[in-house]
Amino acid sequence: MTNKQLAAARRVMSRFPNLTVRKTDETLTPVNGETSGAPVVVTENMSAAEVEGLLRQSCAAVDG
């Protein structure tokens, strides 16, 4: 993951203080207790905006 992609992920996660993110290799998974959101696989050619959008959707789904 590039620095820009990581910064985008941090921006999203700062909006969801009740969630944590599980990072496995290039996959980010938002977690709320025992409930997990959809995993977001970050590829090297994804823009920061794409990472932000996908992770935001996943976080919103699990945060309720």
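Which residue stands opposite Asn32 in strand 3? In this predicted model, the residue opposite Asn32 is Thr35. That pair belongs to the contact between strand 2 and strand 3 (residues 35–36), which run antiparallel and are joined by 2 bridges. The two strands form a hairpin, with 2 residues between them. Gly33 sits in the turn and has a positive phi of about 65°.

The overall fold can be read along the sequence. The protein has 2 helices and 4 strands. Their order follows the pattern α-β-β-β-β-α. Helix 1 covers residues 3–14, and helix 2 covers residues 48–63. The C-alpha trace spans about 30 × 20 × 15 Å along its principal axes. The radius of gyration is 11 Å, which agrees with the value near 11 Å for a compact globule of 64 residues. Of the 64 residues, 33% are buried. The protein exposes about 4000 Å², and carbon and sulfur atoms supply 50% of that area. Contacts also link distant parts of the sequence. Among contacts between residues at least 6 apart in sequence, 48% join residues at least 24 apart.

Strand 2 takes part in several pairings. Strand 1 (20–24) and strand 2 (27–32) pair in the antiparallel sense over 5 bridges. Within this pairing, Val21 has Pro30 of strand 2 as its bridge partner. Thr24 is bridged to Thr27, also in strand 2. Strand 2 also pairs with strand 4 (residues 40–41), again in the antiparallel sense, over 2 bridges. Here the bridge partner of Thr27 is Val41. Thr27 thus has a partner in strand 4 and is also the partner of Thr24.

The hairpin of strand 1 and strand 2 has 2 residues between the strands. Asp25 lies in this loop. Its phi is positive, about 55°, although Asp25 is not a glycine. Most residues other than glycine have a negative phi. Is Asp25 buried or exposed? Asp25 counts as exposed because its relative accessible area is 65%, and the cut-off for exposed is over 50%.

The largest nonpolar core has 13 residues. Leu19, Val42, Leu55 and Cys59 have the most contacts inside this core. Helix 1 and helix 2 are the elements that give two or more residues to the core. The largest share, 4 residues, comes from helix 2. Leu55 shows how separate stretches of the chain meet. Leaving out residues up to four places away in sequence, Leu55 touches Ala9, Val12 and Met13, along with Leu28, Pro30 and Val40. Pro30, one of these contacts, is also the bridge partner of Val21.

Polar residues are found in the interior too. Gln5 is in helix 1. Gln5 counts as buried because its relative accessibility is 1%, and buried means under 20%. What does the side chain of Gln5 reach? The side chain of Gln5 reaches the backbone oxygen of Thr43 at 2.9 Å. Setting aside neighbours within four places in sequence, Gln5 is in contact with Val42, Thr43, Glu44, Met46 and Val51. Val42 is also one of the residues with the most contacts inside the core.

Helix 2 holds a second buried polar residue, Ser58. The relative accessibility of Ser58 is 4%. Beyond residues up to four places away in sequence, Ser58 touches Pro30, Gly37, Ala38 and Val40. Pro30 and Val40 are also touched by Leu55.

Gln57 lies in helix 2 as well. Buried or exposed, how does Gln57 count? Gln57 is exposed, with a relative accessible area of 57%. Gln57 and Pro39 are 18 residues apart in sequence. In space they are 11 Å apart, C-alpha to C-alpha. Helix 2 therefore carries both kinds of residue: Ser58 is buried, whereas Gln57 is exposed.

Technical notes:
Residues numbered from 1 in each chain as written. Predicted model: local features only at pLDDT ≥ 70, side-chain atom pairs only at ≥ 80, totals over all residues. Heavy atoms only, no water. Core = buried A, V, L, I, M, F, W, Y, C linked by side-chain atoms within 4.5 Å. Buried < 20%, exposed > 50% of the residue type's maximum accessible area, 1.4 Å probe, protein only. Contact = heavy atoms within 4.5 Å. Polar contact = N/O pair within 3.5 Å; in protein donor to acceptor, adjacent residues only side chain to side chain. Rg over C-alpha atoms; globule rule 2.2 N^0.38 Å. Areas by Shrake-Rupley, 256 points an atom, 1.4 Å probe, with all protein chains shown as cover. Pairing = 2+ DSSP bridges.
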